[in-house]
Amino acid sequence: MDMIARNPADGVYPATGDYVHAIEVRGAERLLFVAGTMGLDAAGVPGATLAEQLDLVWGNIRAILASAQMTVDNIVRLTSYLRDAAYAEANAAARVAALGGRVVPTTAIVAQTLDTNWLVEIEVIAAA
């Protein structure tokens, strides 16, 4: 499987330095669509802080990917839902760290979550 970043320089503005407009996936045999994943522990309790929830989210995403014999290297699309716009920088830093600096098409949306204790929710699409 090949993943090719598509980042046209003419007429399309990159939102941030760690941004890619699109990834073309060639030769994939499987796609995995991961529902929004919150920063909840195994008992369903949210982390007390944004940093704790981000750690839990990414741990949960890794476990879900592993159940399909995939890793974060298979992620081709990511959407973050943030309870507060002030969480954007920490969310971006956690994403960059989790993906080892690899860029994927990403969108962050500020939204009211279903539970006020849920500070961040992330959904991904992976290909293998």
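This is a short tour of a predicted model, one selection at a time.

**Stop 1: helix H2**

Start by selecting residues 88-98, which make up helix H2. Now colour Asn91, Ala94, Arg95 and Ala98: these residues of H2 are buried. Why do they sit on the same side of H2? Because they cover an arc of only 100° around the axis. There's a handy rule behind this kind of pattern: an α-helix has 3.6 residues a turn, so residues three or four places apart point the same way.

Spin the view to the other side of H2 and pick out Glu89 and Ala97, which are exposed.

So what covers the buried residues of H2? Show helix H1 (50-67), then strands E4 (75-82), E5 (106-110) and E6 (120-127); the cover includes these four elements. Before you leave, click on Gly100, which follows H2 and has a positive phi, near 65°.

**Stop 2: the nonpolar core**

Next, select Trp58, Ile61, Leu65, Ile75 and Ile122. They belong to the largest nonpolar core, a set of 26 residues, and they touch the most other members. Which elements give two or more residues to this core? They are strand E3 (31-38), H1, E4, H2 and E6. H1 gives the most, with 6 residues.

Zoom in on one of those core residues, Leu65. Skip its neighbours within four places in sequence, and you'll find Leu65 in contact with Leu32, Met70, Thr71, Val72, Ile75 and Ala126.

**Stop 3: a buried asparagine**

Move on to the loop between H1 and E4, where you'll meet Asn74. Is Asn74 buried or exposed? Its relative accessible area is 14%, which is under the 20% cut-off, so Asn74 counts as buried. To see what Asn74 touches, show Met1, Arg102, Ile125, Ala126, Ala127 and Ala128; residues up to four places away in sequence are not counted here. You've met Ala126 already, as a contact of Leu65.

**Stop 4: the cavity**

Last stop! How many cavities of 30 Å³ or more does the structure hold? The count is 1, and the largest cavity has a volume of about 30 Å³. To find the spot, select the lining: Asp18, Arg95, Val96, Gly101, Arg102, Val103, Val104 and Thr106. Try colouring these residues by class, and you'll get 3 nonpolar, 2 polar and 3 charged.

Two names in that lining should ring a bell. Arg95 is one of the buried residues of H2, and Arg102 is among the residues that Asn74 touches.

Note on methods: Residues numbered from 1 in each chain as written. Predicted model: local features only at pLDDT ≥ 70, side-chain atom pairs only at ≥ 80, totals over all residues. Heavy atoms only, no water. Buried < 20%, exposed > 50% of the residue type's maximum accessible area, 1.4 Å probe, protein only. Arc of directions from axis to C-beta. Contact = heavy atoms within 4.5 Å. Core = buried A, V, L, I, M, F, W, Y, C linked by side-chain atoms within 4.5 Å. 1 Å grid on protein atoms, 1.4 Å probe; cavity = no way out; pocket = protein on both sides within 12 Å on 5 of 7 lines; lining within 4 Å. Points joined across faces, edges and corners; volume = space filled by probe spheres on them. Nonpolar A, V, L, I, M, F, W, Y, C, P; charged D, E, K, R; others polar.
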